[in-house]
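User: I want to check how the labels on this model are earned. Take me through them one by one.
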Amino acid sequence: MIAVYAARTSKEDPMSALEVGERPAPEVPEGWSRVRLKAASLNHHDVWSLRGVGLPEDRLPMVLGCDGAGVDDEGREVVVHAVVSDPEWKGDETLDPKRSLLSERYQGTFADEVVVPRRNLVPKPEALSFEQAACLPTAWLTAYRMLFTQSGVAPGSTVLVQGAGGGVSTALVALGSAAGYRMWVTSRDEARRARAVELGADQAFESGARLPERVDAVMESVGRATWSHSARALKPGGTIVVCGATSGDATAAELQRVFFLQLRVVGSTMGTREELGRLLQLCSVSGVRPVIDQVLPLEQARDGIARMVDGEVFGKVVFTRP
Ligand SMILES: NC(=O)c1ccc[n+]([C@@H]2O[C@H](COP(=O)([O-])OP(=O)(O)OC[C@H]3O[C@@H](n4cnc5c(N)ncnc54)[C@H](OP(=O)(O)O)[C@@H]3O)[C@@H](O)[C@H]2O)c1
């Protein structure tokens with residue numbers, strides 16, 4: 001089958017680690033299901049994998065891709081939940097110490113076929129296309145959990161999103177504005193700030209800009225470049241929800257602000273199968289749809305991945321199979 005995979009890893013030059021070519025079709029273990037993929041979407045996780053973060057040499061070659069939607073062997077249209085937990089694990093899959101994401105231990109979705117535990121399949125709502133559904137299991141699910149499960153702030157609150165163009169950032173703005181939060185956004189780029197406002201943000205600011213007032217919660221995925229700004233942006237008692245550190249780990253933890261203003265710092269990773277079901281339903285009934293930057297045939301995945309490495313993407317890049 002055709003697949004997009006990490007043949008090696010390179011911290012400095014992730015594109016040199018990428019191959020597009022033939023890989024053996026996966027065997028289907030007992031209790032697992034095969035999905036013939038119609039669409040898969042790109043996440044920054046795939047770039048981290050090419051850089052060797054979370055992907056040791058002994059697991060190579062590894063088919064990339066956490067997100068996918070397609071048709072299973074019974075002919076059902078399904079979305080794949082990317083968090084693979086231990087078969088014995090009960091409850092919130094994101095808390096299982098033995099969990100992995102597709103493409104970390106098990107081959108990912110940038111291929112004709114993927115195999116996953118049967119419980120990782122969620123029905124695709126008819127209202128969503130395969131391309132739209134394939135955007136939801138990682139960036140959008142992460143945004144859903146950050147905002148609705150982890151932030152602890154109710155609709156009507158002001159929420160700052162660091163970064164405008166990313167998969168997680170666009171999801172936060174779309175979901176938050178639909179749910180009645182006042183969404184503020186920062187970006188390094190004027191055009192991306194304008195697009196965030198079109199998407200539903202109430203206001204967009206230059207990265208690091210002084211805000212008109214303090215906010216109830218900040219959604220962080222950028223890390224070093226924005227962390228101090230996030231701590232300064234919060235009201236006393238406010239919450240930073242952090243899911244990533246694209247620009248690296250924060251060099252100042254801002255501990256004085258954290259204790260003096262009684263800030264809460266809450267980590268967030270992916271979401272449960274149940275949360276993915278609710279996210280699919282939310283999109284289905286509300287009309288909210290993922291922001292798709294580009295749709296490419298899987299064979300041209302290299303172009304989309306290069307644009308993400310260069311920071312040029314606004315929303316999600318989707319790869320399709322016929
Ligand atoms: N914990 C989890 O489960 C989980 C799930 C999903 C993602 N993540 C992590 O979250 C991060 C974002 O993922 P993604 O897929 O949304 O990636 P992406 O599409 O590549 O988004 C990158 C975002 O980071 C911002 N950014 C990058 N460098 C910046 C800098 N130096 N200063 C300010 N902003 C900067 C960009 O903002 P502008 O270009 O608009 O300025 C953009 O919004 C990644 O690190 C990823 O690994 C974690």
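User: Why is Ser 157 called buried or exposed?
Analyst: This is a predicted model, where local features need pLDDT of at least 70, side-chain atom pairs count only at pLDDT 80 or more, and totals for chains, interfaces and linings use all residues. Residues are numbered from 1 along each chain as its sequence is written, and side-chain values use heavy atoms, with hydrogens and water left out. Buried means under 20% relative accessible area, exposed over 50%, partly exposed in between (1.4 Å probe, protein chains only). Ser 157 has 13%, so it is buried.

User: What makes the pair Ser 157 and Ala 154 a polar contact?
Analyst: A polar contact is a pair of N or O atoms within 3.5 Å; within protein, one must be able to donate a hydrogen and the other to accept it, and residues adjacent in sequence count only if both atoms are side-chain atoms. A polar side-chain atom of Ser 157 lies 2.6 Å from the backbone oxygen of Ala 154.

User: Which residues does Ser 157 touch beyond its neighbours within four places in sequence?
Analyst: Tyr 181, Arg 182 and Asp 216 are in contact with Ser 157. Contact means heavy atoms within 4.5 Å.

User: How do you know that the buried residues of α8 line one face?
Analyst: They are Glu 275, Leu 276, Leu 279, Leu 280 and Cys 283. Seen down the axis, they fall within an arc of 140°, so they line one face of the helix. The arc is that of the directions from the helix axis to the C-beta atoms. The face turned away carries exposed Glu 274, Gln 281 and Val 285.

Methods:
Helix = DSSP H or I, 4+ residues; strand = E, 2+ residues; numbered from the N terminus.
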